[in-house]
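Biologist: Please take a close look at a single part of this model and describe, in one connected answer, how its surroundings are built up.

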Amino acid sequence: MRKKEIKLKVLVEGKAEGEVVVYQSPLSFLGEVDPKEGAILLRGGDRLKIADKIFIFPGLRGSTVGSYVIYALKQYGKAPSAMIVRKADPILIAGAVLAEIPLAEGINEKDMEEAKEFRRGIFDGERSVLMFID
């Protein structure tokens with residue numbers, strides 16, 4: 001079994017485990033995420049499920065309503081188990097706090113690329129660590 005561990009800066013504490021999903025573009029939760037499905041709406045009508053996943057993406061772009069969409073994901077039971085970003089902004093932090101979703105920043109581009117090679121992740125906010133497992 002192959003493993004990789006990275007250190008992160010924890011912004012919202014917690015522990016989570018789940019399948020790793022990497023989305024390479026900055027995301028606007030308003031209009032690009034369906035909170036009832038827990039999915040990112042992709043071009044062509046496809047969807048990328050983020051519910052119960054360790055969701056890795058660069059960060060946010062767009063509306064202040066994003067915090068409420070993150071909260072709605074939690075209310076519908078479709079929230080990611082943790083969110084990992086390069087750099088968090090106040091909108092993302094507010095949404096993660098409201099929804100009680102563990103959040104950390106500091107993942108670099110190389111680690112985001114390598115994360116795609118792993119199936120599962122374990123986020124430990126107490127240790128500030130994200131472990132990828134094959």
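**Helix H2 and the aromatic cluster**

Modeller: The buried residues of helix H2 are covered by parts that include H1, strand E4 (33-34), strand E8 (82-85) and helix H3 (90-99), and I should say at once that this is a predicted model. Within H2 itself, which spans residues 66-75, the buried positions are Gly-66, Ser-67, Val-69, Ile-70, Ala-72 and Leu-73. As background to such a pattern, an α-helix has 3.6 residues a turn, so residues three or four places apart point the same way. After H2 comes Gly-77, whose phi is positive, near 75 degrees.

One of the elements covering H2, namely H1, also leads to the aromatic residues, for the structure holds three aromatic pairs. In one of them the ring centres of Phe-29 and Phe-57 lie 6.1 Å apart with the planes at 70 degrees, and the pair is therefore edge-to-face, since an angle over 60 counts as such. This pair links distant parts of the chain, with Phe-29 in helix H1 (residues 29-32) and Phe-57 in strand E7 (residues 54-57), 28 residues apart. Phe-29 and Phe-57 are both buried. Phe-57 also pairs with Phe-55, their ring centres being 4.4 Å apart and their planes at 20 degrees, so that this pair is stacked, and Phe-55 is buried, as is Phe-57. Taken together, Phe-29, Phe-55 and Phe-57 form one aromatic cluster.

Methods:
Residues are numbered from 1 along each chain as its sequence is written. This is a predicted model: local features need pLDDT of at least 70, side-chain atom pairs count only at pLDDT 80 or more; totals for chains, interfaces and linings use all residues. Side-chain values use heavy atoms; hydrogens and water are left out. Rings of Phe, Tyr and Trp (its six-membered ring) pair if their centres lie within 6.5 Å; planes under 30 degrees apart count as stacked, over 60 as edge-to-face and the rest as tilted. Helices (H or I, at least four residues) and strands (E, at least two) are DSSP runs, numbered from the N terminus. Buried means under 20% relative accessible area, exposed over 50%, partly exposed in between (1.4 Å probe, protein chains only). Contact means heavy atoms within 4.5 Å.
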